[in-house]
Amino acid sequence: MDSVTSQVDDFNLDDPTLTDNDEAFVMVPVEEQKLSKEKKKHVKRYLSNDGRPEDIFMDDPKDTDVIIPIIGITGAGKSSFINTLLGEDNVARVGHDLASQTDQIQHVVYPHPYERGKRVIVIDTPGFDHTTVDDREILRRIAVWLARSYHADMKLAGIIYLHEISQNNILPVRRNFDTFSKLCGPSAIRNVVLATTKWSDIPEKVGEKREKLLRDEHWKDMLDHGSVMLRYEGTQDSARSIIDQVLTHEPLDAVQIQRELIDLNKILAETEAGRSLYYSLDGLLEAQKITAARLQEQGSVHPEYRRIMLEADHKIRSLLFKFKNLNSPSLSKVKVWLDLESLKLLLNRVYLRKALPIKHFNMKAARYYGPGDIRVEDIAVPAASTGQVKVKVETNAGRLGRKCNFIGICGWGGGLSEFIAVDTKYLHVLPQGVPLEIGACIEPLAVAWYAIKRSGFSAGKSVLVLGAGPIGLFLLKILRSFDPSAIIISSEPATLRRAQALKHGATIALDPRGVNVPQEVLKATGGIGVDIAFDAAGIQAGLDVALPSVRTRGMIVNVAVWEKSPIIDVNLLLMKEISMTGILAYDRVHPELLAAVGSGKIPGIEDLITRKIALEDVVEKGFNALLHNKDAHIKILVNPSGNMLETQPKL
């Protein structure tokens, strides 16, 4: 297969194992070049829907440009920051009263301080609290600009968020910041600088108290995940130091809203940032309720209250009209946004004379009573509380993560039931064209994806995977998808699983009972040893193999849960300077994994599904099959609705 070489810039994050001599390149099949063209088609489609003739963009974008948007509430000093940075006046319009001056996206060119010939494009954005432009229109303009830059292959160096320290009312600031953080997404947090401005407008002690409140409460989550907090002192040196801080990080291919609009093909209202701004039915119903109460207190219809009431009614009717005319995918996306009881009230209030029936019925669920005692029973359907949505489970092969616990293990319902009520923040939308059966494999895939991400794997590195159970095989499949030519060795005693390992990505599959695995590893790697070993077995014999098989200054990543505490040869760990780490499940990797699955980057996932059964058969054909005939199965899917025909193992 023909291939081209390109730099790795979207996977090898936080690589602790790279040395000065390591190559950070990957062989990319020619077929993958078409994905970039496909993305550009998505950009054009998005711009044809959301773009306007009056939208402003650069005349001469370059693929070597890096972008730094300046974002913040009106009055935070975005335009002043840019003028001070460049040492010029009137580059960006500056407001000296409460009226917003920046209503369109503006940009200026700043020479890159470290890379000769490159440009830094500093973007002045309107605030989400603009005095004359609706917040949703502001978001649209920012999204369109970012989409155009994505199309031009411009990289995002980072984002600067300016906050006026003299601002006493935190509520509009908080809403603005929430929208901003959702626009960035988790992967961009480390490239964000949170800068406070206008320190000269208030006493130092007052500013310090507010700064501490921002650090300890409002900005704590982003700071904990890598964002940096700085003061902007109003000088050119201060502005340049903030820009320099952003440029210390590797540029990003995209922030969350770009990936949502382009890679996941969402509409603006479906993005995390969009959902924080677009009207919700709950909010509109609450507004009507408050207005009606005020009317009743007044004893008469005040013209202003009547106007507000009519406006809210109009918005609700408009939303409902859109919902009724959705053809695909039925109302699945609406259900994620709305509490079904609120939708019932809405329909009843606006259109219908009598209430719509909302059924309260029982459902089937597998319940754990003790070791070896799992029963399928009829229980009440869970009700969604505030901030939750009730989900009908079609297929299940895993769990939804919740901090260090798991839904279905530590409470909150479980996937082996017909319905489950979960917080909306734990839900992810499958990319278009990805079937539910593949969606049921995303959870274990996420474990493998996260382990590989934490390991610092990049093209050209060699790997040993201990154990060819489900997680071991998922590791092999993802590793192979990232480097078709890598040396990937599997160590697995079971014959059937060794065959599966070779099928799903292993270069060599060794039987540790019949060969000396470390010796075979040294032969395969020219006497050096593998760069990374993944322990997906969780037994002493596996660890005893991993330590001598890893090269000097290599990495061991433990993915397994151990039944017994292992004995570690610490002296060997010391002498070879091996790094050893463990991962628990995953940490906010689902969006990037879903994008990879949706783009076809990880083919053949369906081959890892070895059986499909109904919920009634979960004990005998599910748990018992895995306990007593585990070599014959990788992933067993359970359909709680009972309409999934059983399939035989595909091994």
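Student: How do I read the way helix 15 and helix 21 cross, and at what angle do their axes do so?

Tutor: Start with the general idea: two packed helices are described by the angle between their axes and the distance between the axes. Now the case here, in what is a predicted model: the axes of helix 15 (residues 442-455) and helix 21 (residues 590-598) come within 10 Å and cross at roughly 105 degrees. Angles from 65 to 115 degrees count as roughly perpendicular, so that's what helix 15 is to helix 21.

Student: Which residues of helix 15 and helix 21 meet?

Tutor: From helix 15, you'll find Ile 442, Leu 445, Ala 446, Trp 449 and Lys 453. Across from them, helix 21 brings His 590, Glu 592, Leu 593, Leu 594, Ala 596 and Val 597. Sorted by type, the residues of this contact are eight nonpolar, one polar and two charged.

Student: Okay, and where do the buried residues of helix 21 sit around the axis?

Tutor: General idea again: an α-helix has 3.6 residues a turn, so residues three or four places apart point the same way. In helix 21, the buried ones are His 590, Leu 593, Leu 594, Ala 596 and Val 597. They cover an arc of only 160 degrees around the axis, so they lie on the same side of helix 21.

Student: What do those buried residues of helix 21 pack against?

Tutor: Helix 15, as well as helix 14 (436-439).

Student: And what follows helix 21?

Tutor: Look for Gly 600 there: its phi is positive, near 85 degrees.

Notes: Residues numbered from 1 in each chain as written. Predicted model: local features only at pLDDT ≥ 70, side-chain atom pairs only at ≥ 80, totals over all residues. Heavy atoms only, no water. Axes fitted to C-alpha atoms, helices over the stretch in contact; angles between N-to-C directions. Helix = DSSP H or I, 4+ residues; strand = E, 2+ residues; numbered from the N terminus. Parallel < 35°, antiparallel > 145°, perpendicular 65-115°, else oblique. Contact = heavy atoms within 4.5 Å. Nonpolar A, V, L, I, M, F, W, Y, C, P; charged D, E, K, R; others polar. Buried < 20%, exposed > 50% of the residue type's maximum accessible area, 1.4 Å probe, protein only. Arc of directions from axis to C-beta.
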